[in-house]
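Me: Could you take me on a close look at the largest pocket of this protein? I'd like to know which residues line it, and then how the parts around it fit together.

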Amino acid sequence: MKKLLIFILVVMAATVASIMALRPDQRSDLEKFREAMNFAIFDQYTDSAYGYSLTYPTFFQKEEYPDPANGHAQFGYHAHNLNLVIECQVGATNQHKAPRGDFIDTGSVKFTDDYKYYSHHILKENHCFILTFYYPRRAENAVGRIIYRIKKWKPFSEKKLTLGNQEP
């Protein structure tokens, strides 16, 4: 009798577990994306022409253009009803009216209030480096890690001073 009771309990537990495992994920695409961003790994891109670097989630894809501009790099994620783009542009400082050498700019994308942008501008050696992230307004709570990296962006590695035989 004891063996029969244990067998029935095991069968019931296995049935409940299989029902739970086979139940489809009912979260929205945005909820799934928000959770995935908590564990996202970032990769680094370094531009060969200007030497700047930026980081982007590894699930973003580099987007190539037929006539690429020198110093332009763009990475995008276009899936699960989301369109996200990280873009870096380089231009001469005389083309950009900047209030100071390092500043943040945010706002709505022209022609659509559904999308926002977050830009970090850095002026260096007669060039303006602009890293911009475009994202849907509804996804703002899910992309905080990307926005943080844009905000803290340092496009050029800082060399560390070492003393004697110490490693950097």
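Reply: Happy to. In this predicted model, the largest pocket is lined by Gln-44, Ser-53, Leu-54, Thr-55, Leu-131, Tyr-148, Arg-149, Lys-152, Trp-153, Lys-154 and Ser-157. The space inside the pocket comes to about 210 Å³. Sorted by class, its lining holds four nonpolar, four polar and three charged residues. Two elements, strand S2 (53–57) and helix H3 (144–151), each give at least two residues to the lining. S2 has the largest share, with three residues.

To place those two elements, it helps to have the whole chain in mind. The protein has three helices and eight strands, and along the sequence they run α-α-β-β-β-β-β-β-β-β-α. Of its 168 residues, 32% are buried. Among contacts with a separation of 6 or more, 45% are between residues 24 or more positions apart. The accessible surface is about 11,800 Å², and carbon and sulfur atoms account for 55% of that area.

Now back to H3, which supplies at least two residues of the pocket lining. Which residues of H3 are buried? They are Ile-146, Ile-147 and Ile-150. Looking down the axis of H3, you would find these buried residues within an arc of 100°, so they line one face of the helix. There is a simple reason behind such patterns: an α-helix has 3.6 residues a turn, so residues three or four places apart point the same way. The buried residues of H3 pack against helix H2, strands S1, S2 and S5, strand S7 (115–124) and strand S8 (127–136). S2 therefore appears twice in this account, as a partner of the buried residues of H3 and as a contributor to the lining of the pocket.

H2 (residues 29–37) is worth a look too, since its name comes up among the partners of H3. Its buried residues are Leu-30, Phe-33 and Met-37. Seen down the axis of H2, they fall within an arc of 60°, so they too line one face of their helix. The cover over these residues includes strand S1 (42–46), strand S4 (73–79), strand S5 (82–92) and H3.

From here you can follow the chain through the loops. Between H2 and S1 comes a loop that holds Ile-41. Is Ile-41 buried or exposed? Ile-41 is exposed, with a relative accessible area of 58%; the cut-off for exposed is over 50%. Setting aside residues up to four places away in sequence, Ile-41 touches Tyr-56, Pro-57 and Thr-58. With Pro-57, the separation is 16 residues in sequence and 5.7 Å in space, C-alpha to C-alpha.

The next loop, between S1 and S2, is home to Asp-47. Asp-47 has 6% relative accessibility and so counts as buried, the cut-off being under 20%. Apart from neighbours within four places in sequence, Asp-47 is in contact with Tyr-52 and Gly-71. Asp-47 also has a distant stretch of the chain to compare with: Pro-155 is 108 residues away in sequence, while their C-alpha atoms are 9.8 Å apart in space.

The loop between S4 and S5 is a good last stop, with His-80 and Asn-81 both found there. His-80 has a positive phi of about 50° although it is not a glycine. Asn-81 also has a positive phi, of about 60°, and is not a glycine either. His-80 counts as partly exposed at 49% relative accessibility, whereas Asn-81, at 61%, counts as exposed. Leaving out neighbours within four places in sequence, Asn-81 is in contact with Asp-29 and Arg-138. Asn-81 and Ser-28 are 53 residues apart in sequence, with 9.9 Å between their C-alpha atoms.

If you have the model open, try starting at the pocket, where S2 and H3 each supply at least two lining residues. Then turn to Ile-146, Ile-147 and Ile-150, the buried residues of H3, and on to Leu-30, Phe-33 and Met-37 in H2.

Technical notes. Residues numbered from 1 in each chain as written. Predicted model: local features only at pLDDT ≥ 70, side-chain atom pairs only at ≥ 80, totals over all residues. Heavy atoms only, no water. Helix = DSSP H or I, 4+ residues; strand = E, 2+ residues; numbered from the N terminus. Buried < 20%, exposed > 50% of the residue type's maximum accessible area, 1.4 Å probe, protein only. Contact = heavy atoms within 4.5 Å. Areas by Shrake-Rupley, 256 points an atom, 1.4 Å probe, with all protein chains shown as cover. 1 Å grid on protein atoms, 1.4 Å probe; cavity = no way out; pocket = protein on both sides within 12 Å on 5 of 7 lines; lining within 4 Å. Points joined across faces, edges and corners; volume = space filled by probe spheres on them. Nonpolar A, V, L, I, M, F, W, Y, C, P; charged D, E, K, R; others polar. Arc of directions from axis to C-beta.
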